[in-house]
Amino acid sequence: MARIDDLLNTTLPLLDVVWTDEGEAAGLPDPDNVGEGYELVGRLTQPESTIHMTHVWITEVDQETPWVREHVHDYDEVLTWTGSDPEHPRELGAEIFLEIEGERRLITTTGSVYIPAGVRHCPLGFVRVDRPFTFSALSLAPQYASRQG
């Protein structure tokens with residue numbers, strides 16, 4: 001039986017991921033408004049985990065800023081973005097863009113997207129960010145991995 005200390009993550013370790021589809025590794029400038037990434041669930045603190053979840057704060061930017069290029073995963077993924085105003089939780093305070101299989105959406109509300117394994121997704125980026133919000137990715141795999149779409 002698992003002990004609670006083996007299951008809790010109270011340290012929020014920095015991500016230990018090789019990013020191939022974000023920032024300089026993807027041939028894009030590293031966005032100044034994307035904070036450090038942290039592991040919420042994963043092998044850094046829960047070695048037996050079969051899922052991986054990340055968390056990052058996105059801060060203000062007033063010009064279109066690309067972040068992630070198109071890619072594919074061999075597992076399902078859920079992306080979430082959450083506004084930071086508790087009085088208006090559905091308002092993102094930003095406008096982000098996301099493509100799925102080449103179909104682009106502009107998003108201005110708190111929300112999420114389920115991306116089945118093998119589905120091409122991104123580019124992802126920001127049109128503008130008026131106030132900070134959080135962005136998380138849940139990989140239904142023990143660690144993050146991607147390949148070109």
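**Close-up 1. An open sheet of 4 strands, in the order E3-E8-E5-E6.** In this predicted model, the strands of the sheet pair in the antiparallel sense. Strand E3 (65-68) and strand E6 (103-109) are the edge strands, each pairing on one side only. Going from one strand to the next, the twist averages 25°.

**Close-up 2. The pairing of E3 with strand E8.** Here we move in on E3 and its partner, E8 (residues 121-129), which pair in the antiparallel sense over 3 bridges. To find your place in the ladder, look for proline 66: its bridge partner in E8 is glycine 125.

**Close-up 3. A salt bridge between glutamate 70 and arginine 120.** The two side chains meet with an N to O distance of 2.8 Å. Which parts of the chain does this pair link? Glutamate 70 lies in the loop between E3 and strand E4 (77-83), while arginine 120 sits in the loop between strand E7 (111-115) and E8, 50 residues apart. Glutamate 70 has a relative accessible area of 25%, so it counts as partly exposed. Arginine 120 is also partly exposed, at 28% relative accessibility. Widen the view a little and Glu101 joins the picture: Glu70, Glu101 and Arg120 are linked in a network of salt bridges.

**Close-up 4. Arginine 131 and glutamate 91 form a salt bridge.** The closest N and O atoms of this pair are 4.0 Å apart. This is another link between distant parts of the chain, with arginine 131 in the loop between E8 and strand E9 (133-139) and glutamate 91 in strand E5 (residues 91-100), 40 residues apart. Are these side chains buried, exposed or in between? Arginine 131 is partly exposed, with a relative accessible area of 25%, and glutamate 91 is partly exposed at 42% relative accessibility.

**Close-up 5. A salt bridge between glutamate 103 and arginine 105.** For this last stop we return to an edge strand of the sheet, E6 (103-109). The closest N and O atoms of glutamate 103 and arginine 105 are 2.7 Å apart. Glutamate 103 has a relative accessibility of 45%, and that of arginine 105 is 48%. Both values fall short of the cut-off for exposed, which is over 50%, so glutamate 103 counts as partly exposed, and so does arginine 105. If you would like to keep exploring, the count for the model comes to 9 salt bridges, among them the pairs glutamate 70 with arginine 120, arginine 131 with glutamate 91, and glutamate 103 with arginine 105.

Conventions. Residues are numbered from 1 along each chain as its sequence is written. This is a predicted model: local features need pLDDT of at least 70, side-chain atom pairs count only at pLDDT 80 or more; totals for chains, interfaces and linings use all residues. Side-chain values use heavy atoms; hydrogens and water are left out. Two strands pair if DSSP finds at least two bridges between them. Helices (H or I, at least four residues) and strands (E, at least two) are DSSP runs, numbered from the N terminus. Axes are lines fitted to C-alpha atoms, for helices over the stretch in contact, and angles run from 0 to 180 degrees between N-to-C directions. Buried means under 20% relative accessible area, exposed over 50%, partly exposed in between (1.4 Å probe, protein chains only).
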